[in-house]
Amino acid sequence: MTEAVPPMARYVPLIAASALFVENIDATVLSTALASIANDFGVDAVDLKLVLTCYLVSLAVFIPASGWIAERYGTRTVFCWAMAVFAAGSVACALSTGLWSLVFARILQGAGGAMMIPTARLVVVRSVPKDQLIGAMAVLTTPALIGPILGPPIGGFFTTYMSWPWIFWINVPLALLGIAVAARFLPQIRAETQAAFDLRGFLTIGPGLALTLVGATAIGLDVIAPVYAAAMATTGLLLIGFYCRYAWRHPSPVLDLRLLKIRTFRIGVMGGFLFRVGAGATPFLLPLLLQLGFARSAFESGIVTFATGIGALAMKICAPKILRAVGFRRVLIFNAFVAAIFIAIPITFTAAMAGTTLSAILLLGGFSRSLQFTSTNAVLYADVSAEQTARASTFAAVLQELSGSIGISVAALALAAASGGAATGSLGAVQFVPAFVAVGAIAAVSGFVFLAMPKTAGASLVGKRSEPAAADD
């Protein structure tokens with residue numbers, strides 16, 4: 001059963017957003033500290049892509065079970081326990097003494113985040129009417145956008161003037177606060193009827209995703225022999241292929257591929273995936289460019305890059321009005337190309353450019369990127385029924401984390417190729433040019449995918465009538 005939504009229901013998106021805030025501030029402070037951590041561990045900065053990608057892979061592996069677990073044990077219970085696991089992983093990260101100990105600690109963090117973030121989204125989607133979903137999504141992600149604003153300067157300050165483990169210690173009080181508020185006010189949503197958990201599917205797609213992405217990420221690094229990395233990736237792809245065949249026939253698969261029959265959902269996840277591959281690489285590349293390419297401190301880097309978060313936060317206020325006035329399709333197509341330009345624009349940066357100039361450019365980039373994220377996140381649910389929301393949320397969350405992992409891997413491979421074996425940053429800012437061009441081009445391709453989006457897509461989300469057809473046969 002589902003508890004009656006409490007009087008504070010209008011604050012449910014804000015409460016759920018505490019999870020996104022903790023997760024986002026963690027990601028941004030870590031990106032700022034990568035150069036310092038690499039120096040302490042005696043590894044190349046590119047090797048630390050494992051720390052970022054393994055976290056995202058952990059999210060992708062455990063997310064498919066999150067919807068079922070949340071509906072089985074209750075959203076409030078799962079949300080609170082997930083934040084507790086995330087906090088425990090943060091403590092383990094702070095105590096890490098080498099690359100692999102940090103990788104395994106990040107995997108533990110990912111296990112908590114995998115339950116935390118989708119559960120938060122599920123609460124909002126199930127509690128808010130469709131015609132209010134755009135506003136609710138904006139509220140849900142607004143506190144999360146404060147993380148990228150505060151994260152870079154906080155992470156840069158701790159890394160420059162104290163030590164990098166402090167970037168993980170700050171997660172603990174934030175998580176405890178989130179648990180206290182959620183335990184008091186978050187509704188306990190459960191499914192009244194629920195199919196049996198697809199354990200076979202989970203044990204197929206989870207290892208498949210993990211082996212594929214970890215194997216692909218390890219290619220080109222000295223941490224795993226190339227033959228083993230290739231074997232991992234190949235085995236993973238075979239498992240994914242087996243799961244795709246299996247899922248189409250299973251009545252309730254852990255990751256429901258039948259959602260791709262819904263046209264707006266299919267185009268939304270495909271275009272959104274490509275865009276996030278490009279955008280997801282930026283938090284990895286920018287701090288390294290500023291610190292290793294331009295010899296700026298972690299604190300200076302954080303002060304410059306936090307402008308992206310400010311731009312993203314400002315756009316959240318305008319996004320609903322823009323979508324109502326222009327429509328989802330036009331925004332998704334045109335803005336994909338605009339945002340892609342801003343993703344690649346760091347190739348024009350020089351060491352002599354003032355920090356204020358760099359921040360102004362990143363601020364504009366934050367505007368366009370935030371509009372694209374909000375539009376994509378909302379349009380996915382335009383034609384999804386209430387019974388499909390949990391599965392759709394899970395599917396979208398998995399692809400989102402996978403896209404970030406792939407984006408970081410693409411950027412790291414481009415950096416390694418440009419260096420010709422030299423240490424990251426040893427060749428200066430020119431080494432970063434191919435990486436920014438590559439991820440910007442991938443983001444731009446999403447604009448062509450969105451050309452297939454129906455003209456009336458998302459009309460129900462802005463209070464307009466739309467055509468009833470939601471699926472393709």
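# Notebook: cavities, a helix and a few single residues

I began with the largest cavity, which is lined by 41 residues, and I noted that N24, A27, P148, P283 and F373 lie nearest its centre. I should record at once that I am working from a predicted model. The volume of this largest cavity comes to about 1100 Å³, and a search of the whole structure finds three cavities of 30 Å³ or more.

Next I looked up which elements line the largest cavity. Helix 1 (12-41), helix 2 (49-73), helix 4 (99-127), helix 5 (133-161), helix 10, helix 11, helix 13 (355-379) and helix 14 each supply at least two residues of that lining. Helix 10 provides the largest share, eight residues. When I sorted the lining of the largest cavity by class, I found 18 nonpolar, 16 polar and seven charged residues.

I then turned to the second largest pocket, which holds about 360 Å³ of space. Its lining has 18 residues, and the closest to its centre are L209, I240, L255, L399 and L402. At least two lining residues come from each of helix 8 (199-218), helix 9 (226-247), helix 10 (263-293) and helix 14 (389-419), and helix 14 gives the most, with five residues. By class I counted 17 nonpolar residues and one polar residue in the lining of this pocket, with no charged residues.

For a single helix I chose helix 3, which covers residues 75-94, and I compared its span with the expected one. Its 20 residues reach 29 Å from the first C-alpha to the last, close to the 28 Å expected at 1.5 Å a residue. I listed its buried residues as T75, V78, F79, C80, A82, M83, F86, A87, G89, S90, C93 and A94. I kept in mind that an α-helix has 3.6 residues a turn, so residues three or four places apart point the same way.

Within helix 3 I looked more carefully at S90. I entered S90 as buried because its relative accessible area is 0%, which falls under the 20% cut-off. Leaving aside neighbours within four places in sequence, I found S90 in contact with Q109, F168 and N171.

How many salt bridges does a search of the whole structure find? It finds one, and I traced it to R258 and D256, whose closest N and O atoms are 3.6 Å apart. I noted that the two partners are classed by their accessibility as follows: R258, at 23%, counts as partly exposed, whereas D256, at 3%, counts as buried.

I also checked the backbone at A295, which is found in the loop between helix 10 and helix 11 (298-326). Its phi is near 60°, a positive value in a residue other than glycine. I flagged this entry because most residues other than glycine have a negative phi. A295 is exposed, with a relative accessible area of 68%.

My last entry concerns A418, which I located in helix 14 and which is partly exposed at a relative accessible area of 31%. I set A418 beside P434 and found the two 16 residues apart in sequence, while their C-alpha atoms are 7.0 Å apart in space.

Terms used
Residues numbered from 1 in each chain as written. Predicted model: local features only at pLDDT ≥ 70, side-chain atom pairs only at ≥ 80, totals over all residues. Heavy atoms only, no water. Helix = DSSP H or I, 4+ residues; strand = E, 2+ residues; numbered from the N terminus. Expected span 1.5 Å × (residues − 1). Buried < 20%, exposed > 50% of the residue type's maximum accessible area, 1.4 Å probe, protein only. Contact = heavy atoms within 4.5 Å. Salt bridge = Lys/Arg side-chain N within 4 Å of Asp/Glu carboxyl O. 1 Å grid on protein atoms, 1.4 Å probe; cavity = no way out; pocket = protein on both sides within 12 Å on 5 of 7 lines; lining within 4 Å. Points joined across faces, edges and corners; volume = space filled by probe spheres on them. Nonpolar A, V, L, I, M, F, W, Y, C, P; charged D, E, K, R; others polar.
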